[in-house]
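Please look through the sequence and the structure shown below, and then follow the report, which moves from helices to salt bridges and on to strands.

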Amino acid sequence: MKNWKFYNALFVRVLFVMTLFFFCVFLIYKMFYYNAILFGLFAVVMLFEMYFFVKNQLLFYDRTLLSILQKDFSTNFPEENKKENFESLYLLYDALKIQQQEQTSKELVYQSILNSIDTGALILEKENDEWNIFLMNDCFSNLFKVPKVSHWSYLKNYLPSLCNEIEKSDFAELKSAISIKIEDQDLQTFMLQTSLTKTYNKEYFIILLDSIQRVIEKKEKEAWINLMKIISHELMNSLTPIRALSQNLLQIVDQEKLEEDDFEDIKSSISTIINRSDHLQVFVENYRKLAMLPTPTKVMTPINALFDDCLRIMNPILKAENIELINDINSSRSILIDKNQMEQVIINLITNSIYALKEKQEKKMFLSSYTENNRFFITISDNGKGIDSEIRDKVFLPFFTTRKDGAGIGLTLSKNIIEAHGGYLSYQTDEDKTSFVICLI
């Protein structure tokens, strides 16, 4: 309906040309040849005018559609075209222009987010069975001293070890450590993680690289910050009341005459100061245990003897708590350990399990061991309340505890002892069982 004006104009031109030709033929029939030639010339001029009129209309359509296909929205429409024949085309052009601007804004936001993270990110896009670089963030470019190239083949010239590793996996999803040489520096180890994403008819391959040294430093920094928060909290919990009580004592002593109630206040304040000082001393002593762990004195120790000694100490508590112990450790082998330190670890883990089973009706504890890949594993499990997801990243943090009577150093000390033996301590938790696993080389 909105193109009626164009059709009307075209119809008038066709009608006018036909009329001119009709008069031209009529004049020839009447033998007015000069007049016929004149009308014929007018008809030819009108044909040319009609041709250019239609051509301009179609050319505008073509130019506008080509701009849309090429995503070039810099063209400005004349005002008359916005209201007349091309109103629908203008509305389509304007809607796609707004959509393109919104898409560009989103891409800038996503790119800004990728550039702000500390992980090297590279996104490849598949075109005609070949991978090209869709996006490379600033961290990747700066970390590997690579310019933001657009072709995978160019990147291979800068990072052959990375590219060969990915090509070897045939651009499959993987997660592994990789050593990469950056310019003339020594080999550095990175954590490589890749994933494949398909959207409509496009395929994208995402590559993430994290420097293991940077990850370690970040974790160490977070651990130190958390540790300082805990130490500050404990110190302030003791020093604040000590300072307040000391000021109170000073005010009492400054009085000219002391009443009997004043002596009671003095005794109560001094008692509280002593209690807080004792708490502070215990806290510092626990910290000293963590900071000054002695080097293990390793001797070949039978596994059965190690657990017999530990269970001899813990069995009375297990019986008092009605805990069923399922001991599957029956090994004739010996391991090279510091027996006293390892006993402390096992007793700490059993004590934690006892606490986890406090609220359970059916209390079970499991001990097991096995050998795999030249490593010896000891597992201490229970069917207790488990570890809440909110605190799973804090269980080995110094002085962190969920027990009212706990010091919060048991698991940290145990972890330090196992690491001093060249092994590691980890945990696994699911709906019905929580397990702490000791791994020794």
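Which residue follows α7 and has a positive phi? In this predicted model, the residue is Asp170, with a phi near 60°. Helix α7 itself comprises residues 160–168, and its buried residues are Leu162, Cys163 and Ile166. These three cover an arc of only 95° around the axis, which puts them on the same side of α7.

Helix α10, made of residues 303–320, invites a check of its length. At 1.5 Å a residue, its 18 residues should span 26 Å, and the C-alpha atoms at its ends are 26 Å apart, so the expected span and the computed one agree. The helix nevertheless has a kink of about 45° at Met314, shortly before the proline Pro316. Met314 is also one of the buried residues of α10, together with Ile303, Leu306, Phe307, Cys310, Leu311 and Leu318. What covers these buried residues includes the strands β6 (299–302), β7 (324–327), β8 (334–337), β9 (364–372) and β10 (375–382), as well as helix α11 (339–356). After α10 comes Asn322, whose phi is positive, near 55°.

Across the whole structure, a search finds 11 salt bridges, and the table sets out three of them.

| Pair | Closest N to O distance |
|---|---|
| Glu125 and Lys202 | 3.2 Å |
| Lys339 and Asp309 | 2.5 Å |
| Glu321 and Lys363 | 3.8 Å |

The salt bridge between Glu125 and Lys202 links distant parts of the chain, since Glu125 is in strand β1 and Lys202 in strand β5 (residues 202–211), 77 residues apart. Glu125 counts as buried because its relative accessibility is 11%, whereas Lys202, at 28% relative accessibility, counts as partly exposed.

The salt bridge between Lys339 and Asp309 joins two helices: Lys339 lies in α11 and Asp309 in α10, so the pair ties together parts that are 30 residues apart in sequence. Lys339 counts as partly exposed, at 24% relative accessibility.

In the salt bridge between Glu321 and Lys363, Glu321 lies in the loop between α10 and β7 and Lys363 in the loop between α11 and β9, so this pair ties together parts that are 42 residues apart in sequence. Lys363 is buried, with a relative accessible area of 14%. Salt bridges that share partners also join Asp309, Arg312, Lys339 and Glu343 into one network.

Where does Thr119 lie, and is this residue buried or exposed? Thr119 is found in the loop between α4 (87–116) and β1 (120–127), and it counts as buried because its relative accessibility of 18% is under the 20% cut-off. Leaving aside neighbours within four places in sequence, Thr119 is in contact with Asn137, Cys139, Leu208, Leu209 and Asp210.

The last element to consider is strand β12, residues 434–440, which is mostly covered, with seven of its seven residues buried. In a regular strand the side chains alternate between the two faces of the sheet. In β12, Thr434, Phe436, Ile438 and Leu440 point one way, while Ser435, Val437 and Cys439 point the other way, and all are buried. Strand β12 pairs with β10 in the antiparallel sense over seven bridges, and Asp382 has Thr434 as its bridge partner in β12. Six bridges join β12 to strand β11 (residues 424–429), and these two strands also run antiparallel, with Tyr427 standing opposite Phe436 in β12. A hairpin joins β11 to β12 through four residues.

Notes. Residues are numbered from 1 along each chain as its sequence is written. This is a predicted model: local features need pLDDT of at least 70, side-chain atom pairs count only at pLDDT 80 or more; totals for chains, interfaces and linings use all residues. Side-chain values use heavy atoms; hydrogens and water are left out. Buried means under 20% relative accessible area, exposed over 50%, partly exposed in between (1.4 Å probe, protein chains only). Contact means heavy atoms within 4.5 Å. The arc is that of the directions from the helix axis to the C-beta atoms. The expected span of a helix is 1.5 Å times one less than its number of residues. The bend at a residue is the angle between axes fitted to the seven residues ending there and the seven starting there. A salt bridge is a side-chain nitrogen of Lys or Arg within 4 Å of a carboxyl oxygen of Asp or Glu. Two strands pair if DSSP finds at least two bridges between them.
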